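Visitor: I'd like a close look at one part of this protein, namely the empty spaces shut inside it. Could you walk me through what surrounds them, and then show me how the rest of the chain fits around that picture?

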Amino acid sequence: MQETPWRDLSTQPMIRASDATLRCRGSVPWNWAAMNDGRHGFLPMAAMAVTCLLWGTMVPFTAELFATMNPLFFSALRYPLGVGAMCLLVLLVERRLFHPAPVPVLKVLALGGFGMAGWGTLYVIGVYLTDAITASAVLATGPVVAALVGRVLTGEKLQPRVMVGIALAVAGGITVALGRDGGAGGFKGGEIVLVIALACWAWYSTQAQRWLAPLGLSQVRLTLWTLSSALLWVEAIYFAAWGLGLAPPPAGPTGAVEWAMMIWIGFGATGLAIWFWNYGASRLGTTIATVNINLVPVIAVATAMALGRM
């Protein structure tokens, strides 16, 4: 059998990365390209772990704040905090706030409106209509929703082992969320709203990478653009509802603890978490990324227990 020349093998990405690591004489033996690469990279998995923590605490914190805040005004308050966090991050990472390339306005408006604002508004309404534990159980079905949306948008076919992983992740999340003291209190209507919210988020996660990432945008700037678009939508939704008498006048958190929760949700779960999510989804794919954050119900239940709500 004729041997394959080394120059042909060296064109393979993994071998090139290994060569580069071996040639770095005296350097720290970390292969950052491999750590950042595809579905087996460490950095995308780490991003999903941070996202999981931030979103897991957001569910019970949101339910706690609804005792004194209207859900629509809650969204109108948390998105400016998230945009502020991303502006600071863009300045830190890219050293400039504005991007010289033209903005695809219609696509950004669609991603921010139907995708992110649709998710954010329906999420808070769903949590408001149900409870933190039931909401956590419904959100555990995220991988199934993401797989269905991915199938419709891209024709993505999942390998059998991935489908088994999705089934186990969903079953585990629902079991954890509903397995304490008889579980949730029955169907309340918010469950359907949350499923629609999940579909909006899966659509956003897929289309943002298909529409904006090819323009050469970093995930930091991609997040800032779409989050800013969502901010315009949620503000319009709240003030329209207020003007029509469907929402009360603005009333924010009432105490220091509530403000701390609000800032955590705004800067962390709305700003940084979406950036981490976009980064992870761009490398893992939406469905696999969703599977990797299915510890959200576990963190939500643990946070609810710490708050004395279980």
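Guide: Let's start with the second largest cavity, which has a volume of about 50 Å³. Keep in mind that this is a predicted model. The residues lining this cavity are Trp55, Met58, Arg78, Tyr79, Met116, Trp119, Trp201, Ala269 and Ile274. Sorted by class, that makes 8 nonpolar residues, no polar ones and 1 charged one. As for where the lining comes from, at least two residues each are supplied by helix 4, helix 5 (71–94), helix 6 and helix 12 (256–284).

Now for the other one. Searching the whole structure turns up 2 cavities of 30 Å³ or more, and the largest has a volume of about 260 Å³. It is lined by 20 residues, and the ones closest to its centre are Trp55, Trp119, Leu139, Leu198 and Ile293. Two or more lining residues come from each of helix 4 (42–65), helix 6 (105–129), helix 8 (142–154), helix 10, helix 13 (286–291) and helix 14 (296–306). The class count for this lining is 16 nonpolar and 4 polar residues, with no charged ones. If you want a link between the two spaces, pick out Trp55 and Trp119: they are among the residues closest to the centre of the largest cavity, and they also line the second largest.

Helix 10 deserves a stop of its own. It covers residues 190–211, 22 in number, and runs 31 Å from its first C-alpha to its last, close to the 32 Å expected at 1.5 Å a residue. Of those 22 residues, 16 are buried, so helix 10 is largely enclosed by the rest of the structure. Helix 14, another contributor to the lining of the largest cavity, has its own set of buried residues: Val296, Pro297, Ile299, Ala300, Val301, Thr303 and Ala304. Just after helix 14 you'll meet glycine 308, with a positive phi of about 75°.

Next, go back to helix 5, one of the helices lining the second largest cavity. Valine 83 sits in helix 5 and counts as buried, at 10% relative accessibility. If you skip its neighbours within four places in sequence, valine 83 touches Leu224, Leu227, Ser228 and Leu231. Phenylalanine 267 is 184 residues away from valine 83 in sequence, yet their C-alphas are 8.1 Å apart in space. Follow the chain into the loop between helix 5 and helix 6 and you come to arginine 95. Arginine 95 isn't a glycine, but has a positive phi of about 70°. Unlike buried valine 83, arginine 95 is exposed, with a relative accessible area of 67%.

Finally, step back to the whole chain. There are 14 helices and 0 strands. Of its 310 residues, 47% count as buried. Take the contacts between residues at least 6 apart in sequence, and 83% of them join residues at least 24 apart; the pairing of valine 83 with Leu224 is one contact you can look up in the model. On the outside, the accessible surface comes to about 15,300 Å², and 69% of that belongs to carbon and sulfur atoms.

Conventions. Residues numbered from 1 in each chain as written. Predicted model: local features only at pLDDT ≥ 70, side-chain atom pairs only at ≥ 80, totals over all residues. Heavy atoms only, no water. Helix = DSSP H or I, 4+ residues; strand = E, 2+ residues; numbered from the N terminus. Expected span 1.5 Å × (residues − 1). Buried < 20%, exposed > 50% of the residue type's maximum accessible area, 1.4 Å probe, protein only. 1 Å grid on protein atoms, 1.4 Å probe; cavity = no way out; pocket = protein on both sides within 12 Å on 5 of 7 lines; lining within 4 Å. Points joined across faces, edges and corners; volume = space filled by probe spheres on them. Nonpolar A, V, L, I, M, F, W, Y, C, P; charged D, E, K, R; others polar. Contact = heavy atoms within 4.5 Å. Areas by Shrake-Rupley, 256 points an atom, 1.4 Å probe, with all protein chains shown as cover.
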